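The following exchange examines how the descriptive terms applied to one model follow from their criteria.

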Amino acid sequence: LLATNTDVDGFLEPLTRVYPGSLEGVRVAVLGAGGAARAVAVALLSRGAQLTIHARRPDQAADVAAGCGATIGGWPPPAGSWDLLVNCTPLGGATARSASPLPDGPFTGRMVYDLTYGPAETPLLRDAREAGCLTLDGLPMLVAQAERQFEWWTGVRPPDGVMMAAASNRSGRPKQLVGG
């Protein structure tokens with residue numbers, strides 16, 4: 001048996017366009033405490049980020065934090081406590097597209113990365129963009145994961161941009177990765 005996981009590389013690849021190299025010293029607030037939050041935590045810690053897990057259920061945040069060496073923060077993250085905020089909750093996703101995990105902000109950091117994606121901007125990303133943050137949704141992560149999976153299955157790296165073009169064409173979205 002062979003196994004691999006594309007979550008870490010898929011998450012990091014789009015992020016490196018804004019934060020090339022190390023994330024040393026970057027304060028990151030991760031919203032949520034499920035499987036996606038665990039993968040994101042591993043990815044961020046591997047790059048040297050200062051990571052805080054924020055979840056509505058403190059016991060779940062504590063479980064994720066203990067598993068990776070992150071700290072636990074209250075809900076919502078306080079203003080001025082993060083440089084990068086990552087939404088790993090389902091809010092803004094297919095079943096809760098009009099919902100935001102932070103309907104009242106605060107958006108005082110540099111960038112908001114929402115792992116959800118769809119045909120339109122999520123309320124979280126719209127509010128963050130309007131507050132002056134750079135924004136990134138989860139479609140580039142999905143595409144980066146697909147590229148890694150294709151390469152793993154076939155041994156061939158897909159041509160640059162072909163999967164993003166296909167995903168953008170299918171969804172009717174522009175190919176812009178980072179907004180703000």
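Q: What makes a residue "buried", and which label do F11 and Y113 receive?
A: A residue is buried under 20% relative accessible area, exposed over 50% and partly exposed in between, with a 1.4 Å probe and protein chains only. Both F11 and Y113 are buried. Of the 180 residues of the chain, 46% count as buried.

Q: What kind of model is this, and how are its residues numbered?
A: This is a predicted model, in which local features need pLDDT of at least 70 and side-chain atom pairs count only at pLDDT 80 or more, while totals for chains, interfaces and linings use all residues. Residues are numbered from 1 along each chain as its sequence is written, and side-chain values use heavy atoms, with hydrogens and water left out.

Q: Why is the pair of F11 and Y113 called stacked?
A: Rings of Phe, Tyr and Trp (its six-membered ring) pair if their centres lie within 6.5 Å; planes under 30 degrees apart count as stacked, over 60 as edge-to-face and the rest as tilted. For F11 and Y113 the values are 4.7 Å centre to centre and 10° between the planes, so the pair meets the criterion for stacked. By this rule the count comes to one aromatic pair.

Q: Why does this pair tie together separate parts of the chain?
A: F11 lies in helix α1 (residues 7-15) and Y113 in strand β5 (residues 111-114), so the pair joins parts that are 102 residues apart in sequence. Helices (H or I, at least four residues) and strands (E, at least two) are DSSP runs, numbered from the N terminus. The chain has six helices and six strands.

Q: What covers the buried residues of α1?
A: The buried residues of α1 are G10, F11, L12, E13, P14 and L15. Their cover includes α2 (35-46), β4 (84-87), β5, β6 and α5 (139-154), where contact means heavy atoms within 4.5 Å.

Q: How do you know that the charge of R110 sits over the ring of Y19?
A: The rule requires NZ of Lys or CZ of Arg within 6 Å of the ring centre and within 35 degrees of the ring normal. The charged end of R110 sits over the ring of Y19, 4.7 Å from its centre.

Q: How are the strands of the sheet ordered, and which are the edge strands?
A: The open sheet of six strands has the order β3-β2-β1-β4-β5-β6, with parallel pairing. Its edge strands are β3 (71-73) and β6 (134-137), each pairing on one side only.

Q: How do you know that β1 and β2 pair?
A: Two strands pair if DSSP finds at least two bridges between them. Strand β1 (residues 27-31) and strand β2 (residues 50-54) have five bridges in the parallel sense, so the criterion is met. In this pairing, V30 stands opposite I53 in β2.

Q: Why is β1 described as largely enclosed?
A: Four of the five residues of β1 are buried, so the strand is largely enclosed by the rest of the structure.

Q: What makes the radius of gyration agree with a compact globule?
A: The radius is taken over C-alpha atoms, and the globule rule is 2.2 Å times the number of residues to the power 0.38. With 180 residues, a compact globule would have a radius of gyration near 16 Å; the chain has 16 Å, so the two agree.
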